[in-house]
Amino acid sequence: MPIKQFRSLLFVPATSEHLWLKASQRGADAVVIDLEDAIPIDRKEIARTMAPTAIKLLKENGVDVVLRVNSDPAIWQLDLVGMPLQSLGAIMLPKVETKEQVEAFSKALTKLSSTTPPPIAALLETPLGVIATAQIAAHPSLCALGFGAEDYSGAIGVHPNALALTWPAQQVITGAHAYGLQCWGMAGSIAEVKDLEAFGKDVEYARGIGFTGSVCIHPNQVDIVNRGFSPSAAELEWAQKVVEADQAARAQGLGAVLLEGKMIDKPIVDRAKRWLAARMA
């Protein structure tokens with residue numbers, strides 16, 4: 001289920017009322033109202049009562065809003081009651097390990113929605129979830145997959161780094177692209193908010209292996225993520241040359257053409273057009 005392309009998704013706890021309006025001004029493609037990790041267990045109920053107001057405020061300020069619910073079905077059923085589902089761009093379902101979890105959540109959303117329910121972003125954060133990527137990604141209610149680097153690293157007992165995370169990250173990336181889904185995440189720590197140079201390198205690497213965006217846990221990360229998941233000026237210049245060369249080749253009845261010492265054919269032209277389309281989005 002396709003949605004607008006989100007490069008950056010800024011998390012805001014549902015209980016942090018003082019951050020709601022500020023979050024709308026940080027330049028993120030979407031703001032995620034969080035009912036899960038950012039909320040202590042004894043604050044879940046109050047978070048549920050505050051979330052609809054946060055969603056409404058952000059929506060009124062022209063912000064695309066995503067809601068992250070809890071993973072336990074007994075809790076997410078409570079999370080969904082009274083939520084303005086029609087105002088959400090998507091809902092994140094964390095700790096997904098089976099397609100049955102997505103199916104149960106999708107059915108609940110359909111029952112609660114007066115119109116078409118918002119699409120689901122399934123967050124794969126464990127070895128079991130990664131192994132089941134292909135089955136999960138095939139569910140028609142999904143708009144995105146997310147890779148939870150911190151949770152996955154904790155599950156296998158290592159520091160979140162590219163050496164440990166590239167393989168599982170690429171399983172999620174491949175599953176997402178196979179079914180036309182967005183894929184949010186990094187093969188590194190999302191918790192880095194001080195060393196922004198190191199964070200930027202992780203973002204660059206994430207785009208290089210196929211992620212299409214990332215969540216942000218601090219406003220300082222937003223601009224870095226937006227730039228990192230957008231084509232650079234050099235890439236756009238190259239893409240424009242490729243498209244123009246392809247058009248000239250086709251006018252001569254050719255399916256491939258030599259450009260700056262490299263053979264340009266359909267797969268390369270498709271990539272160039274994708275980058276140019278991203279610029280216009």
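Tutor: A crossover is right-handed if, with the strands pointing away from the viewer, the path from the first strand over the helix to the second runs clockwise. The model discussed here is predicted, and for it local features need pLDDT of at least 70 and side-chain atom pairs count only at pLDDT 80 or more, while totals for chains, interfaces and linings use all residues. Residues are numbered from 1 along each chain as its sequence is written, and side-chain values use heavy atoms, with hydrogens and water left out.

Student: Which helix completes a right-handed β-α-β unit with S3 and S4?

Tutor: Helices (H or I, at least four residues) and strands (E, at least two) are DSSP runs, numbered from the N terminus. S3 and S4 run parallel and are joined by 3 bridges, where pairing requires that DSSP finds at least two bridges between two strands. The helix that makes a right-handed β-α-β unit with these strands covers residues 73-80 and is H3.

Student: Which residue of S4 is the bridge partner of Val66?

Tutor: S3 (65-68) is the strand that follows the loop after helix H2, and S4 covers residues 90-93. Between these parallel strands there are 3 bridges. In one of the pairings, the S4 partner of Val66 is Ala90.

Student: Are the residues that point either way from S4 buried or exposed?

Tutor: Buried means under 20% relative accessible area, exposed over 50%, and partly exposed in between, with a 1.4 Å probe and protein chains only. Ala90 and Met92 point one way from S4, whereas Ile91 and Leu93 point the other way. On both sides, these four residues of S4 are buried.

Student: In which sense do S4 and S5 pair, parallel or antiparallel?

Tutor: S4, H4 and S5 make a right-handed β-α-β unit. Two contacts across the strands can be named: Leu93 stands opposite Ala122 in S5, and the bridge partner of Ile91 in S5 is Ile120. S4 pairs with S5 (residues 120-124) over 3 bridges, and the sense of the pairing is parallel.

Student: How many of the residues of S5 are buried?

Tutor: One side of S5 carries Ile120, Ala122 and Leu124, the other carries Ala121 and Leu123, and both faces are covered. The strand is largely enclosed by the rest of the structure, because the number of its residues that are buried is 5 of the 5.

Student: How many bridges join S5 to S6?

Tutor: Ile120, the bridge partner of Ile91, also stands opposite Leu142 in S6. S5 and S6 run parallel, and the number of bridges that join them is 5.

Student: What is the phi of Lys95, which is not a glycine?

Tutor: Most residues other than glycine have a negative phi. Lys95 lies in the loop between S4 and H4, and at 22% relative accessibility this residue counts as partly exposed. The phi of Lys95 is positive, at about 55°.

Student: Which residue meets Lys95 in a salt bridge?

Tutor: A salt bridge is a side-chain nitrogen of Lys or Arg within 4 Å of a carboxyl oxygen of Asp or Glu. For Lys95 the N to O distance is 3.6 Å in its contact with Asp151. The two residues are 56 apart and link distant parts of the chain, the loop between S4 and H4 (99-112) and helix H7. The partner in H7 is partly exposed, with a relative accessibility of 28%, and is Asp151.

Student: Which residues are joined with Lys95 into one network by salt bridges that share partners?

Tutor: The structure holds 10 salt bridges, and one of them pairs Asp151 with Lys95. Sharing of partners extends this contact into one network, whose members besides Lys95 are Asp34, Glu36, Arg68, Glu125 and Asp151.

Student: What is the N to O distance in the salt bridge of Asp64 and Lys4?

Tutor: Asp64 lies in the loop between H2 (44-60) and S3, and Lys4 in the segment before S1, so that the pair, 60 residues apart, links distant parts of the chain. Asp64 counts as buried at 18% relative accessibility, whereas Lys4 is exposed at 52%. The N to O distance between their side chains is 2.8 Å.

Student: How far apart are the closest N and O atoms of Lys99 and Glu100?

Tutor: Lys99 counts as partly exposed at 41% relative accessibility, and Glu100 also counts as partly exposed, at 48%. They form a salt bridge in which the closest N and O atoms are apart by 3.1 Å.
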